[in-house]
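This report describes a predicted model. It takes up the packing of helices on the sheet, then the sheet itself, the core, the contact between two helices and one loop residue.

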Amino acid sequence: EGGTGKTTGDELKLFKTMVRTKIERAKFYPRWARQRGYEGIVGVKFTIQPDGSVNDVKVTKPCHCDVLNKAACEAIAKASPFNPRPDELKGKEMAMEIDISFKLE
């Protein structure tokens with residue numbers, strides 16, 4: 001409905017995609033796990049603060065390899081801050097939950 005200044009869910013969707021992309025780029029596959037052929041998907045929950053920083057990073061669905069669980073949390077910390085934030089999130093924190101995949105090529 002043109003021009004009300006309200007954002008659609010698109011802005012939020014784009015923000016979430018940007019967050020995932022930054023985490024994917026920051027992800028590091030630990031050599032120890034790679035050498036042993038460990039793969040897994042780690043479910044992680046975290047909160048993005050109003051300034052784009054993150055806190056409360058928690059593994060919600062661990063994989064069998066602790067090294068990969070730790071690497072998933074480190075990727076989130078390394079990828080932050082997450083900016084620019086959509087207008088609808090200004091001054092608010094936002095909880096997010098994602099799966100981080102470690103797969104050997």
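## Helices on the sheet

In this predicted model, helix 3, spanning residues 66-79, lies across strand 1, strand 2 and strand 3, and it runs at about 35° to strand 1.

## The sheet

The sheet is an open one, built from 3 strands in the order 2-1-3 with antiparallel pairing. Its edges are formed by strand 2 (54-61) and strand 3 (94-102), each of which pairs on one side only. Ignoring direction, neighbouring strands are turned against each other by 25° on average. Helix 1, made of residues 9-26, also packs on the sheet, where it touches strand 1 and strand 3, and its direction makes about 40° with that of strand 3.

Between strand 1 (residues 40-48) and strand 2, the antiparallel pairing extends over 5 bridges. Within these two strands, Lys-45 of the one stands opposite Lys-58, which belongs to strand 2.

## The nonpolar core

The largest nonpolar core comprises 26 residues, and those with the most contacts inside it are Ile-23, Phe-46 and Phe-82. At least two residues of this core come from each of helix 1, strand 1, helix 3 and strand 3, with helix 3 giving the most, namely 6 residues.

The surroundings of Phe-82 can be described in more detail. When neighbours within four places in sequence are left aside, Phe-82 is in contact with Phe-15, Met-18, Val-19, Lys-22, Ile-23, Phe-46, Ile-48, Gly-52, Val-54 and Ile-76.

## Contact between helix 1 and helix 3

Two packed helices are described by the angle between their axes and by the distance between those axes. For helix 1 and helix 3, the axes come within 8 Å and cross at roughly 115°, and helix 1 passes helix 3 in a right-handed crossing.

On the side of helix 1, the residues involved are Lys-22, Ile-23 and Ala-26, which meet Ala-75, Ile-76, Lys-78 and Ala-79 in helix 3. Sorted by class, this contact of helix 1 with helix 3 has 5 nonpolar and 2 charged residues, and no polar ones.

## A loop residue: Gln-49

Is Gln-49 buried or exposed? Gln-49 is found in the loop that lies between strand 1 and strand 2, and it counts as buried because its relative accessibility is 16%, whereas the cut-off for buried is under 20%. Not counting residues up to four places away in sequence, Gln-49 touches Asn-55, Arg-85, Lys-92 and Glu-93.

Terms used: Residues are numbered from 1 along each chain as its sequence is written. This is a predicted model: local features need pLDDT of at least 70, side-chain atom pairs count only at pLDDT 80 or more; totals for chains, interfaces and linings use all residues. Side-chain values use heavy atoms; hydrogens and water are left out. Two strands pair if DSSP finds at least two bridges between them. Helices (H or I, at least four residues) and strands (E, at least two) are DSSP runs, numbered from the N terminus. Axes are lines fitted to C-alpha atoms, for helices over the stretch in contact, and angles run from 0 to 180 degrees between N-to-C directions. Contact means heavy atoms within 4.5 Å. A nonpolar core is a set of buried Ala, Val, Leu, Ile, Met, Phe, Trp, Tyr and Cys residues joined through side-chain atoms within 4.5 Å. Buried means under 20% relative accessible area, exposed over 50%, partly exposed in between (1.4 Å probe, protein chains only). A crossing is left-handed if the near helix is turned anticlockwise from the far one by less than a right angle, and right-handed if clockwise. Ala, Val, Leu, Ile, Met, Phe, Trp, Tyr, Cys and Pro count as nonpolar, Asp, Glu, Lys and Arg as charged, and the others, Gly among them, as polar.
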